Amino acid sequence: MLTLSLDVEPWLSGERVDSLRAQAIPEWVRFNPTLGSTPNPTAQHKPWDSLKNYIKSKLSTWNANDPVLTNLQEGFKHHSGWQEFFERIVEDRSKAPGWNSLNDDERAAWLTHQLFRKLPSPGRVYRFWREAQEFFEALLKEFRQIAARSDNPWRVRRLLVVPGPSTGNWNEGTLYDGHWRGMQFSLVYVQALNGFVTASNLARLLKPEEHGSVLRGQTALVEEEDTFGRAKTLVIGAVQEIPPPYSHLGVYHPVIPLDVSPLRFRVVVPMEAASECVDLALSLWKERFARVWDRLPLHVGVVAFERALSFQAVIEAARSLEDALTSQKEKPWAMTSKEAYGGVLTLQLRRQDSQMTVRMMPLRMPDGREDVFYPYLRVEDQQLRSPRDFRHPDGALYRYAADLQIGDGVFVAPARVATLFMDSAAARFEKIEPFYAEDWQKARALWQLLVRVAPSQTALQRFRSALNQLDQAWRQGPDQASADLWQATVHALLVEHLGAKGAALEELTEAAAKGLLQHVIQWHLTVLKETL
């Protein structure tokens, strides 16, 4: 089961719309050097403070024809006083402070903020809702394609199984469960076709190289659904594709959507397709939400489980993953370098765990104009530095992405991934440790590196066993044991069992020190049951 969510609720409530600009104050000043016959009094080098101080100076008297306010808000001249105007502009938002609870400096700050932010209008909020909905609907469509992809088309279609001439009577539309090769399969009897339509994933029954005709002549015991002890013997006389007018039944996507909404997306996919589905989800998220990646994280949970496991236990495990993924709040990441090319800004940032990550943000609109509306990031600074900086009245300071400098701390709500392998129902109570989305992609690359480096499956299993023994012994050892010694021991194990050397050896050693290598081996060998 894959469970995905976008942190869209703060956008629906209007909280994160505060980071978007309807206009950038420097742009407004540049395009409005004069307001009627009056020079624009807003200073170009410090427009935010200048405009706020201007509004503050006007709060003592009401002038319905003020050139600055009438230019910024056409309805200004139709109000009868500052308090009424404040109620319309500021108190219209949820949880807004009242006029009488603020001093003039705070009133001016709120007015300045509200006059230049994008407002969470019903149309804009609905757009956020639709963007999330369309994102998950697009993912579902792609997941179906991934899950149905196979070199052997017999494994990803529904087939018509025609019973032999003397196998008894069958009930129309009834589901029959049976076993073949020790694997469970299901069939539905269709009277009009004089046979059964397969109702389970044939990839579990057929080997990658096998044709559907391998079922011909086979014998299986089958039972009607929810009945016990009344098994019938089914002798398969023929296996073929479903003929017209029922041929549409042959199209089979082994994907079961459970919940597709803007707030949550749950879907069951074959285990062998899960990793590629997560890859696609992260890639599409980076592409579609690149302008707001820091404020709209994607959370991905993967629950791998045996087919016979209680589905209620799987749902409970999914809820635990969802809680773990959404528990972490925004943290500051340090900007270490940036580069702009072709209208795209590339940022290199240091995460809270001291690892580096790269993010790309478009700085231009599709028509080529500079985007001064979306790419703003909340920073740790308390002082306005660049002309496009602006401050939320609650104290948060936002900076245009291109104006970031080395050392700036950027608050990020990180995209994260969590996985859980359920070999029993009790696994749903295990502690879940989510990791950054970048680490999922790195883990995928690490497995490919292991495939290239490991001389055999046996060698990799021996290394895994030795690494587990080392971890266990290290946890039981003295507290003063050196981390450098542990890393040196892993280094030696990689050389001894896998023959790793050079850059590959250093990369694998570093991944083991972070615990990522152990996760990669567990995931691919135990969960996916992959072989080299």
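1. A good place to start in this predicted model is the salt bridge between the side chains of arginine 291 and aspartate 371, with N and O 2.7 Å apart. Arginine 291 sits in the loop between helix 8 and strand 12 (298-305), while aspartate 371 belongs to the loop between strand 15 (356-362) and strand 16 (376-379), so this pair ties together parts that are 80 residues apart in sequence. How exposed or buried is each partner? Arginine 291 is partly exposed, at a relative accessible area of 22%, whereas aspartate 371 is buried, at 0%.

2. You will find company for that pair, as the structure holds 33 salt bridges. As general background, side chains of opposite charge can pair when their charged atoms come close.

3. Next, please look at glutamate 438 and arginine 359, which form a salt bridge whose closest N and O atoms are 2.5 Å apart. Glutamate 438 is in helix 10 (residues 437-453) and arginine 359 is in strand 15, so a helix and a strand are tied together here by residues 79 apart in sequence. Glutamate 438 counts as buried because its relative accessibility is 12%, under the 20% limit. Arginine 359, at 5% relative accessibility, counts as buried too.

4. Which residues join glutamate 438 and arginine 359 in a network? Salt bridges with shared partners connect Arg351, Asp353, Arg359, Glu438 and Asp439 into one network.

5. Helix 10 is worth a second look for its packing. Two packed helices are described by the angle between their axes and the distance between the axes. Helix 10 packs with helix 13 (residues 502-513) at an angle of about 135°, and their axes are 11 Å apart. The two helices are therefore oblique to each other. Where helix 10 passes helix 13, the crossing is left-handed.

6. Another salt bridge brings together the side chains of glutamate 276 and arginine 149, at 2.6 Å from N to O. This pair links distant parts of the chain: glutamate 276 is in helix 8 (residues 271-288), and arginine 149 is in the loop between helix 7 (122-147) and strand 4 (159-163), with the two positions 127 residues apart in sequence. As for the surface, glutamate 276 is partly exposed, with a relative accessible area of 34%, and arginine 149 is exposed, with 52%.

7. Now for something without charge. Tyr126, Trp129 and Leu263 make up a nonpolar patch on the surface, and together they have about 300 Å² of accessible area. Leucine 263 comes from the loop between strand 10 (256-260) and strand 11 (265-268). This leucine 263 is partly exposed, its relative accessible area being 37%.

8. Serine 13 is a helpful landmark early on your tour of the chain. You can find serine 13 in the loop between helix 1 (9-12) and helix 2 (25-31), and at 44% relative accessibility it counts as partly exposed. How far is serine 13 from valine 125, C-alpha to C-alpha? Although 112 residues apart along the chain, serine 13 and valine 125 have C-alpha atoms separated by 8.2 Å.

9. Finally, try finding aspartate 226, which is placed in the loop between strand 8 (219-224) and strand 9 (232-241). Aspartate 226 is exposed, with a relative accessible area of 68%. From aspartate 226 to glycine 407 the C-alpha to C-alpha distance is 65 Å, and the two are 181 residues apart in sequence.

Key
Residues are numbered from 1 along each chain as its sequence is written. This is a predicted model: local features need pLDDT of at least 70, side-chain atom pairs count only at pLDDT 80 or more; totals for chains, interfaces and linings use all residues. Side-chain values use heavy atoms; hydrogens and water are left out. A salt bridge is a side-chain nitrogen of Lys or Arg within 4 Å of a carboxyl oxygen of Asp or Glu. Helices (H or I, at least four residues) and strands (E, at least two) are DSSP runs, numbered from the N terminus. Buried means under 20% relative accessible area, exposed over 50%, partly exposed in between (1.4 Å probe, protein chains only). Patches are made of residues with over 30% relative accessible area and no salt bridge: like charges are joined within 9 Å, nonpolar side chains (Val, Leu, Ile, Met, Phe, Trp, Tyr) within 5 Å. Accessible areas come from the Shrake-Rupley method with a 1.4 Å probe; for residues, only the protein chains shown count as cover. Axes are lines fitted to C-alpha atoms, for helices over the stretch in contact, and angles run from 0 to 180 degrees between N-to-C directions. Angles under 35 degrees count as roughly parallel, over 145 as roughly antiparallel, 65 to 115 as roughly perpendicular and the rest as oblique. A crossing is left-handed if the near helix is turned anticlockwise from the far one by less than a right angle, and right-handed if clockwise.
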